[in-house]
Structures are given as C-alpha cells and as structure tokens.
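Colleague: Before I use this model at the bench, I would like to ask how some of its descriptions were reached.

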Amino acid sequence: MTMNRRILLAKRPVGLATRDDFSADEQAIPELQDGEALLKTLYIGIDPTIRTWLSTAKSYLPPVRIGEVVRSAGVGRVVDSKSDRFKAGDLVTHLVGWQEYSMLHDDSFATVFPGSMNPRHTLGVLGSTGVAAYAGLVYVGRPREGETVVVSAAAGATGSVAGQLAKIKGCRAVGIAGSDEKCRHVIENLGFDACINYKDDGFREALKEACPKRVDIYFDNVGGWILNEVLGRLNTGARIALCGAISVYNAEKKPPGPSNYLNLITVRGRMEGFNGMDHWGKHSEISAELARYMEDGRLKNYETVVDGLDEAWRSVNMLFTGENLGKLLVKVAES
Ligand SMILES: NC(=O)c1ccc[n+]([C@@H]2O[C@H](COP(=O)([O-])OP(=O)(O)OC[C@H]3O[C@@H](n4cnc5c(N)ncnc54)[C@H](OP(=O)(O)O)[C@@H]3O)[C@@H](O)[C@H]2O)c1
C-alpha cells in the first residue's frame, strides 16, 4: 500500500511561520476510481500567495482551513491512471498541495506539459510565474520602446522575468532589490540598466538618478512605502501593474494607503491589479514566446531549490527574508 505524507496547517502563523504552525501525517492512498489519476509530486512552488492563504485575509482563493493540507501549486508525474485525460508518465501542474501524492480528476484545473520538459520550468519561467510577469508587463503595462520600467523584487521569480521582458521590449529597466549582491546580479546577469538597494538610505534620490526621465511603468511586487515612492516619480501617462504586495503579507494590520496616489491624477496615470491566472488561456502562446527568448539567450532563468517536503514551511519564510534568487521551489521527489 502506498502512503502519502502530507503537511497540514495546525494553526495560523503570526508574522513569519514556525514549525509549530504545521503538522504532518501519512495516509494510505485510496484505490483509483474511473476518471481519476494519481500524481506523484516532484516539486512544489513556494509562492508568496501561500502566506495569504495561511491567514484569514481575503484572497482570490479561500483561506486554508486548520487541519487541511497546505495549498500550493506543484508539478508531478502521473504514476497511475483511470482517466482519459491524464496518462501515466504525463507531467502535470495543478494545486498539488504540500504532499507527496495528489489525485487528479478528469475535470481538474490542471495543465499537462510535454513529458520531456524541465519540471521546474513548468512552475516558473514557462509556467504561472512567466505568465504573471508577461501579463503584468505586456497586457497591463503596455511597454513602448524607450520607456522606463521599474520592477520591485527584481531578483525574484516574477520580477526577474518582468524586467528582462522590459529590456526585450526596448525599455530601460530599473530594478529594486534588498541587497548589493542582488543588485549586482540584477544588472550583471539579468541585464537591467540600474538597480536600487531599497535597504540603503536615500531611496528617493537613487530613484531619481536611476530614472532621469521619470517612470513610465512600475511593475509592483511589494506594495508599501516603495510603491508610495514610485508613485511620486511617475511620468505623464504612467501605468502601474499591481502584481503583489509582499511587504504587507505578514502584517497583522493593513498598512496606511499610499499618500502619493494623487499623483496619478496629475500624470493621468493608471494603476491596475491583475492575476496571471486570468490569462492562463494564453499560456501556450506566452510560454512559447518566453521559451524562444530563453533559447536565444535574452531571458535568463534562476531558481532556488530547497530539498524536502518538511522544509516547505521554512521556505515560505525565505520569500520574506529575501533568501531566494529567482523562483523558489521545494524538491519533493526525483523526476
Ligand atoms: N498577480 C499575480 O498573478 C501574481 C503571480 C505571482 C506572484 N505574484 C506576486 O508577485 C510578488 C513576487 O512573487 P514571487 O513569487 O515572484 O516571489 P519572489 O519575488 O521570488 O520572492 C519574494 C521577494 O520579495 C522581496 N521582499 C520580501 N519582503 C519585502 C519587503 N518588505 N519589501 C521589499 N521586498 C521584499 C524579497 O527580495 P529582496 O531580497 O529584494 O527583498 C524576496 O526575494 C508577490 O507579491 C506575489 O504575491 C502575483
């Protein structure tokens, strides 16, 4: 009998997660019914949205309930199937959760990828991360050649793709990141024109220097005071693509609103939230374009891989302490 190790939410974290917030169990996998397939998890994606699902905050999906398997995206290999849609050997992404096996049903919201593909790419650059970066920059930001694009969390999964895409579209790309080392990476390896360490003093001056023609597009991953500062440096007709606000996901109280928002009126600007999942219908098209950029060397992919399902809770904290470079993944089994 195959057993399934699962990580469950024991209590809601306050601030950073602790081991005590989670528990683990093992369950026998039930026999497959018609229309079902069994997926063996290879990698889980550690996305900031997991932290909001662990709280009671309003999100696009309901909070994970106490005692439930922690929800997360992941990729796995089909190991057994009584489904017409999923065949043994298929590489499939869906909300696998923090567990070694998950069940697919014929009507699951899941995507089958070519079996030969790098499974990590199906969650990162050629999966939901790539689609979010593309949708935010291209559909919401609508970049034009010569414009200045600022990207926060620029060394992270989404930001690194968004900034490189801005360069590919002929823009000046300015990153914001949390250390000098990350800023060096953003410029030297990812090809941004400039990068500001937001932990240094003098952010406003540094932003002015890096964006002499002001900011046409801000791809915002962090919210908070950085959003407010960029709002104060917009160009006429600026667009802000609200991707996320990681600076507030751990906060117990909602932060005050950005006081510089009135500048949107002055510059006739637009600030728009988006969810990459709303653009999943275009996934094949977007990932084919991103794959071409990877092939011709214009799009570099970086990942941070942590080993073992039991390390998943610690990995979530790495997003908040900035310990990841590129897409953060937990390896659950050999592919
Ligand atoms: N709308 C969508 O469809 C969609 C899809 C995917 C992700 N997102 C959002 O996009 C954002 C990035 O997600 P990701 O998966 O790509 O994560 P990520 O950027 O790979 O990792 C998060 C990064 O955020 C930075 N950070 C953490 N706390 C911060 C703070 N207080 N102020 C400034 N920066 C901080 C850290 O880098 P530093 O070392 O530079 O601080 C960290 O590496 C998140 O807000 C997420 O919710 C949205």
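Colleague: Why is the ligand said to lie between domain 1 and domain 2?

Modeller: This is a predicted model, and the statement rests on who supplies the shell. Residues of domain 1 (3-124 + 301-331) and of domain 2 (128-277) both belong to the shell around the ligand, so the ligand is placed between the two.

Colleague: What makes a residue part of that shell?

Modeller: Its C-beta atom, placed from the backbone, has to lie within 6 Å of the ligand. There are 30 residues around the ligand, and G156, T158, G178, G244 and G322 come nearest.

Colleague: Which helices supply at least two residues of the shell?

Modeller: α4 (157-168) and α10 (312-321) each do so. The largest share, three residues, is from α4.

Colleague: How does the shell divide by class?

Modeller: It has 15 nonpolar, 13 polar and two charged residues. Gly counts as polar here.

Colleague: How do you know where the domains are, and how far apart are their centres?

Modeller: The bounds come from an automatic or database domain assignment. Taken over C-alpha atoms, the centres of domain 1 and domain 2 are separated by 28 Å.

Colleague: What makes two residues of these domains a contact?

Modeller: Their C-beta atoms must lie within 7 Å. The contact takes 19 residues from domain 1 and 16 residues from domain 2. On the side of domain 1 that touches domain 2, α1 (49-53), α10 and β15 (327-331) give two or more residues each. By class, that side has 11 nonpolar, six polar and two charged residues.

Notes:
Residues are numbered from 1 along each chain as its sequence is written. This is a predicted model: local features need pLDDT of at least 70, side-chain atom pairs count only at pLDDT 80 or more; totals for chains, interfaces and linings use all residues. Helices (H or I, at least four residues) and strands (E, at least two) are DSSP runs, numbered from the N terminus.
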